[in-house]
Protein chains: 6
Amino acid sequence: MKNNEKKIAVFPGSFDPFTRGHESIVNRALSLFDEIVIAIGANALKDGFFTLENRKQMIRDVFKGIDMVKVSHYEGLTVDFCRKNNALFLLRGIRTAADFEYERAIAQLNKAMAPEIESVMLLTTPEMTPINSTIVRDIIRNGGDASKFLPSSININNYR
Amino acid sequence: MKNNEKKIAVFPGSFDPFTRGHESIVNRALSLFDEIVIAIGANALKDGFFTLENRKQMIRDVFKGIDMVKVSHYEGLTVDFCRKNNALFLLRGIRTAADFEYERAIAQLNKAMAPEIESVMLLTTPEMTPINSTIVRDIIRNGGDASKFLPSSININNYR
Amino acid sequence: MKNNEKKIAVFPGSFDPFTRGHESIVNRALSLFDEIVIAIGANALKDGFFTLENRKQMIRDVFKGIDMVKVSHYEGLTVDFCRKNNALFLLRGIRTAADFEYERAIAQLNKAMAPEIESVMLLTTPEMTPINSTIVRDIIRNGGDASKFLPSSININNYR
Amino acid sequence: MKNNEKKIAVFPGSFDPFTRGHESIVNRALSLFDEIVIAIGANALKDGFFTLENRKQMIRDVFKGIDMVKVSHYEGLTVDFCRKNNALFLLRGIRTAADFEYERAIAQLNKAMAPEIESVMLLTTPEMTPINSTIVRDIIRNGGDASKFLPSSININNYR
Amino acid sequence: MKNNEKKIAVFPGSFDPFTRGHESIVNRALSLFDEIVIAIGANALKDGFFTLENRKQMIRDVFKGIDMVKVSHYEGLTVDFCRKNNALFLLRGIRTAADFEYERAIAQLNKAMAPEIESVMLLTTPEMTPINSTIVRDIIRNGGDASKFLPSSININNYR
Amino acid sequence: MKNNEKKIAVFPGSFDPFTRGHESIVNRALSLFDEIVIAIGANALKDGFFTLENRKQMIRDVFKGIDMVKVSHYEGLTVDFCRKNNALFLLRGIRTAADFEYERAIAQLNKAMAPEIESVMLLTTPEMTPINSTIVRDIIRNGGDASKFLPSSININNYR
């Protein structure tokens, strides 16, 4: 048992953009881990709506002053990024049963490739359930007001 | 942030009986928490297949020598039991999408009643996915050999 | 087309008890129909937690002053009750994908038995999603405070 | 309560092409609403199999003589189109549990952006359940006979 | 490979009563197997709506003249019954995603206990999807006409 | 009944690449059919990761020496390919509830177009559940070791 060691979790995603649902998951995970690395997968970069740099800045602004939250990005396999960061935990938020099926497949494959890394799942609150980045992008693209689906501390127009 | 405080999780269930799937969830949660209280819900007692005392003994035997795992039982609401035990986390294992729908409802109600308690979900490994206590009881009742679905360290016949 | 006729919907259920989720469905259906008959299925009476009369009174109190909402009960098939009430619509609230599978089976069978009756489904709001009567009864039985899951205008203790 | 007002529903989709399943939903909604606007989302236009004009003509031909059915198209958010058309209802057909999860997310977001608009869901009949536009396009593309999945009153070859 | 051997499948269930959906599964499996044993699980007997003998007679009447269909019943584990009958296949009909989750758990446990037995799944036709024995019993109990959900060759009143 | 006739099944897919899960389905189907035609759909060719010829060679190598397994490819509708090959069965492997919903739609449409062809579904073993070709390609693309998700008899690097 390594319970004296620092508990580091990676929270991977494309975060294009980072939503109020994502924010809620990280906030709720703060009491569970000692460090949370929010990590933007580079595969998500091509055809992105927001640039990598703007996504990172947006997330940094949301968690300004909270030292245990780091922002990073990676290429390659998620489990390799975890290992490089000494993270033994993969943090995931689940919203729906469809999410769950997908997350289970990913988690089981990651477990097969890196048995020492545990996937930990938190649920979004009911109000956040319908929010995902695809839908938020769609609202922005169609000129709608997406502010209630985004972290309240930021103005999305500053990152475009 | 209370990250210097002891991280206590309650793992509630009827555990009639405690299966290899349950064992796997607890083992995987050991690196995440400082103490895990396996708590048998008293509502599950009536019409039980194994007695409360035998279920508790069985679980104690599985985790013999692991001090951070406690075994208990409770009546009333799960969140009230958590509060009495200073547990800020509810540990749950999810196997299937159907499980997930049910667990989400329970977790959201618990959150409404006790906002300070977080439900943390771990996935069972693929081999454990089909195992639940109902099916294990059914095998035992029909004279089948359920040993490969039960913790390998115990002999189920000692608890009947 | 009979669009000048009165649009009557039956909202069937056991309502043991009537929750804030049920209330929300009826309120949202008010603009769609001319009359809504909230109908307690008699099959739900045996082993009920609240008596039939108390359930009816509770619902009447929730919709006091709203003439287009009626409260009734029935035995036998739901479609037969609809026909006796000249109702061409069956109103149903759906919360989860599991609900949906069940509701689809019921709706398709009703359609086979009474092709002129249409099942109309409304979604519960996200905050209501985890609430169902079983869970509410469980909270009450365990001495918990279920008031935030019940219509705000009533005091559940008046109906026991 | 505005029950004397005209009940207008928007039935949005890409309708590429309009299938027998879509036709069934509209026919069943005729007794519920006073006007149904079948609205082709402009986002669906790019990479479409049928042109926008052909899709509109096809739908107009299916509902020839039924004045309460209108055909239109729109760009931007669906809720904005509803408001422009004084429609308080969004009509949706649901086929499967997977559909349901998606529709729930969309409906909840629409509700957040336009609380006065209600999503109303009807079920497809069992025979229509497997039909969706993607599969119908696939059959046409592969030279198969899709006629039994399309409205019986039209010949799909007239719209290509 | 034992492909010259007789392919025997067991079709287990409570069949209380045998529905048109069950009939459809057996008829479609006739071209796949050399013998199909329809086997009523004895656990399903207690609190049954139809007696075991009436259920068996009903199924025999449905498949009168088709020698490759046998009717039987069993106690104990399904895989033990298969072995006694030299059946290497378990035939199952699936209707919904909820069915699937349950069937997968059962199939995987059976595989763990009897690796030589394969579960083979056929889909019910869309019209049969909503039919299950529970719902059919409910209709009969409430005085409704269940004939369109039962095999067309039999009169359910002859078996009560 | 044509039970003396050769039972031929088509196992269609894109197989880009053929995984250990696919291999498991074919191996389990060997006792059920007299011939299994593994058929690569030509629609899957464009944007493929492995070439058609390499995919075919890989599958041939996996089933070397097993004469009843054939490897082929086709354009157009799957049911047309079945008819050309006198195959009365379509073999499908199902992993998850999401798979099931999709497979049911496809199977029901195929049944509508070719009523004589039966879809037969086998379950993947729990260890194979998370594996699909998309995820395997993703691992290979990111430089990970996918060998435990691929048939053990082949070396994936020989086919690139």
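Reader: In which hand does α4(E) pass α4(F)?

Author: A crossing is left-handed if the near helix is turned anticlockwise from the far one by less than a right angle, and right-handed if clockwise. Here α4(E) passes α4(F) in a right-handed crossing. Helices are DSSP runs (H or I, at least four residues), numbered from the N terminus. This is a predicted model, in which local features need pLDDT of at least 70, side-chain atom pairs count only at pLDDT 80 or more, and totals for chains, interfaces and linings use all residues. Residues are numbered from 1 along each chain as written, chains are lettered from A in the order written, and side-chain values use heavy atoms without hydrogens or water.

Reader: Which residues of α4(E) and α4(F) meet?

Author: Contact means heavy atoms within 4.5 Å. Ala97(E), Phe100(E) and Glu101(E) meet Ala97(F), Phe100(F) and Glu101(F). By class, this contact has four nonpolar, no polar and two charged residues (Ala and Phe count as nonpolar, Glu as charged).

Reader: How are chain A and chain B related?

Author: Two copies of a chain are related by a rotation about an axis and a shift along it. A turn of 180 degrees and a shift of 0.0 Å along the axis lay chain A on chain B with an RMSD of 0.0 Å, superposed by least squares on C-alpha atoms of residues with pLDDT of at least 70 in both. The two copies are thus related as by a two-fold rotation axis.

Reader: How many residues of chain A are in contact with chain B?

Author: 32 residues of chain A are in contact with 32 residues of chain B. The copies meet through the same surface, because 100% of the interface residues of chain A are also interface residues in chain B.

Technical notes. Helices (H or I, at least four residues) and strands (E, at least two) are DSSP runs, numbered from the N terminus.
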